Amino acid sequence: MASKDFSVVIIGGGMCGVACAVALHRAGMKVHLYEAAPKFEEVGAGVGLGPNAVQALEGLGILEDVVAKAVPPKLAMRPYTFISGYGEHEHLYDYALSSDELGLSIYRPVFLDALIPTIDPQYTHFNMRCTSVSLLPSGKQVVTFEDGTAVEADLVVGSDGIKSTIRPYVAGKSEHKQLASANTATYRALVSISELKKAGVKTDLTRPLLWCGSDSHMVTYPIRANELLNVGAVKVWGRTPSPPVTGPWVQTVTPEELLDEFADWGSDMKILLKHIKNPSKWFMHTVSPPLEHYVRDSVVLVGDAAHAMVPHLSAGVGQGFEDVYALYRLLIHPQTNASNLQKVLDVYDFLRPPRANMVAQRSRRMGEIYQSYGKDRYNRTDMQKNLRGMWEPVWHYDLKYAVSKELEKLYPGSKL
Ligand SMILES: Cc1cc2nc3c(=O)[nH]c(=O)nc-3n(C[C@H](O)[C@H](O)[C@H](O)COP(=O)(O)OP(=O)(O)OC[C@H]3O[C@@H](n4cnc5c(N)ncnc54)[C@H](O)[C@@H]3O)c2cc1C
């Protein structure tokens, strides 16, 4: 593909920024990526990708690289089985699937490892913390960095995560990040499945499980070919968004705190929690209120910078990959150039906020369902009624068609 007459910089090299950089490079666009950290890094935890996320990665041309590094290296869909967090962990519900749905569970660092070697290092810049973005009279954007340097570009992609520095610019509120605490903490850990079996856990941990409770729930799923259990034990203390937590959002806590928080839970859950040696506690935050626009001037938000959400549908990065796919298709179109870039970005802004904000809202509702089981609240039948179909609007969305339809309107009769 011929190179474009406009320049692009990407701010933030998490999963979304890296996916964006790799896909655009492969399409022939020499974009530069600026990352605040000294190297690409991801937390040592798994991430679940639904069929919509897989479709986006496939459209970006990077699915094969990612699947090749996954363990096992193939797409599969293992929906959650819902069980009671209490007593002997009564079975509540199996989420039903149609046969053509394929997803992927992958260890986050592996996702980056699969893609990073494919980026030419001359286009990646580390220790570059963006401090601001603004519009020049020329129509270009200027991005400034903590070290006092600056770069100009025709398009800035803000993929700088939940604490985004770019978001206030797009939201038009210079100091306000539109961030709220979800009054929820997730205790995260990886535990050896064979050790748990030896310790007497009877529940089959090789399936993805959702352990439901009252104002708490736990998510477990196996990674690395059933070697390790990815654990997220969730505690909630309020439903109305409140100001962000002051102090670190990730803290190492004592095993005792973890056991205290889930003291009323059932037998296998207790064994499992006792095996967590160094639990980390993550205070959950969201973009709140949701952004109506993900674009201002020639600055575009993707991923958590645009729509950080609670993780209860395992859909946050999937929405980020959808953003990146939509942007990629719009940018690489042969008729997209500097003169019509703004119109192209308007299409992105038309497509993405309603979709991603809907998924964010649904994720919040899903958390309420998981955390409403027992203690005179939802019984087994209520749980089944409420859980049924919750993932369908997330997984079943024809993103390729949605983008093609808008491209057809933008460039009638052109080859898409
Ligand atoms: C407990 C938990 C479980 C989750 N599970 C799932 C799941 O199963 N499935 C799913 O789809 N999603 C899940 N998510 C959501 C998912 O983790 C996020 O949506 C995803 O990581 C966001 O990726 P990102 O690239 O947008 O942002 P990030 O991963 O946050 O990357 C942002 C990058 O920008 C860099 N950066 C930040 N500020 C600056 C700056 N000023 N200048 C330059 N660089 C900067 C950072 O260093 C970082 O590298 C989960 C989230 C949590 C908290």
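Helices here are DSSP runs of H or I at least four residues long, strands are DSSP runs of E at least two long, and both are numbered from the N terminus. All the views below come from a predicted model.

**Figure 1. The whole chain has 14 helices and 19 strands.** The radius of gyration is 22 Å, close to the 22 Å that the globule rule gives for 416 residues, so the chain is as compact as a globular protein of that length. The C-alpha trace spans about 65 × 45 × 35 Å along its principal axes. Of the 416 residues, 56% count as buried. The accessible surface comes to about 17400 Å². Carbon and sulfur atoms make up 53% of that surface. Take the contacts between residues at least 6 apart in sequence: 75% of them join residues at least 24 apart. The chain carries 43 positive and 44 negative charges, and their mean positions are 3 Å apart.

**Figure 2. Residues 6–24 carry a UniProt annotation.** The record, an unreviewed entry, labels this stretch "transmembrane region". What does the model show over residues 6–24? The stretch is 53% helix and 21% strand. Its end C-alpha atoms are 13 Å apart.

**Figure 3. Glu42 sits in a loop between two strands.** Strand E2 (32–34) lies on one side of the loop in sequence, and strand E3 (46–49) on the other. Is Glu42 buried, partly exposed or exposed? Its relative accessible area is 21%, and buried means under 20%, so Glu42 counts as partly exposed. Leaving out residues up to four places away in sequence, Glu42 touches Met15, Arg108, Pro109 and Leu112. Arg108 is 66 residues from Glu42 in sequence. In space, their C-alpha atoms are 5.9 Å apart.

**Figure 4. Helix H2 covers residues 51–59.** Which residues of H2 are buried? They are Pro51, Asn52, Ala53, Val54, Ala56 and Leu57. An α-helix has 3.6 residues a turn, so residues three or four places apart point the same way. Gly61 follows H2 and has a positive phi, near 80°.

**Figure 5. Two peptide bonds leading into proline are cis.** One runs from Val71 to Pro72, with omega near -5°. Pro72 lies in the loop between helix H3 (63–69) and strand E4 (81–84). Another cis bond joins Ser288 and Pro289, with omega about -5°. Where is Pro289 found? Look in the loop between strand E17 (280–287) and strand E18 (295–296).

**Figure 6. His89 and Asn226 have positive phi although neither is a glycine.** Phi of His89 is near 65°. His89 belongs to the loop between strand E4 and strand E5 (91–94). Its relative accessibility is 7%, under the 20% limit, so His89 counts as buried. Phi of Asn226 is about 70°. Asn226 lies in the loop between strand E14 (216–223) and strand E15 (228–236). Asn226 has a relative accessible area of 37%, so it is partly exposed.

**Figure 7. Val250 belongs to strand E16.** E16 covers residues 250–252. Val250 is partly exposed, with a relative accessible area of 40%. What does Val250 contact, leaving aside neighbours within four places in sequence? Its partners are Ser280, Lys281 and Trp282. Val31 makes a useful distance marker: Val250 and Val31 are 219 residues apart in sequence, and 32 Å apart in space, C-alpha to C-alpha.

**Figure 8. Gly374 lies in a loop between two helices.** The helices are H11 (341–370) and H12 (380–387). Why does Gly374 count as buried? Its relative accessibility is 15%, and buried means under 20%, so Gly374 meets the cut-off. Now find Ser84, which is 290 residues from Gly374 in sequence. In space, their C-alpha atoms are 8.3 Å apart.

How values were computed:
Residues numbered from 1 in each chain as written. Predicted model: local features only at pLDDT ≥ 70, side-chain atom pairs only at ≥ 80, totals over all residues. Heavy atoms only, no water. Rg over C-alpha atoms; globule rule 2.2 N^0.38 Å. Buried < 20%, exposed > 50% of the residue type's maximum accessible area, 1.4 Å probe, protein only. Contact = heavy atoms within 4.5 Å. Areas by Shrake-Rupley, 256 points an atom, 1.4 Å probe, with all protein chains shown as cover. Lys, Arg positive; Asp, Glu negative; His and termini not counted. Charge placed at Lys NZ, Arg CZ, Asp CG, Glu CD. UniProt positions renumbered as here; feature names shortened; annotations may be inferred.
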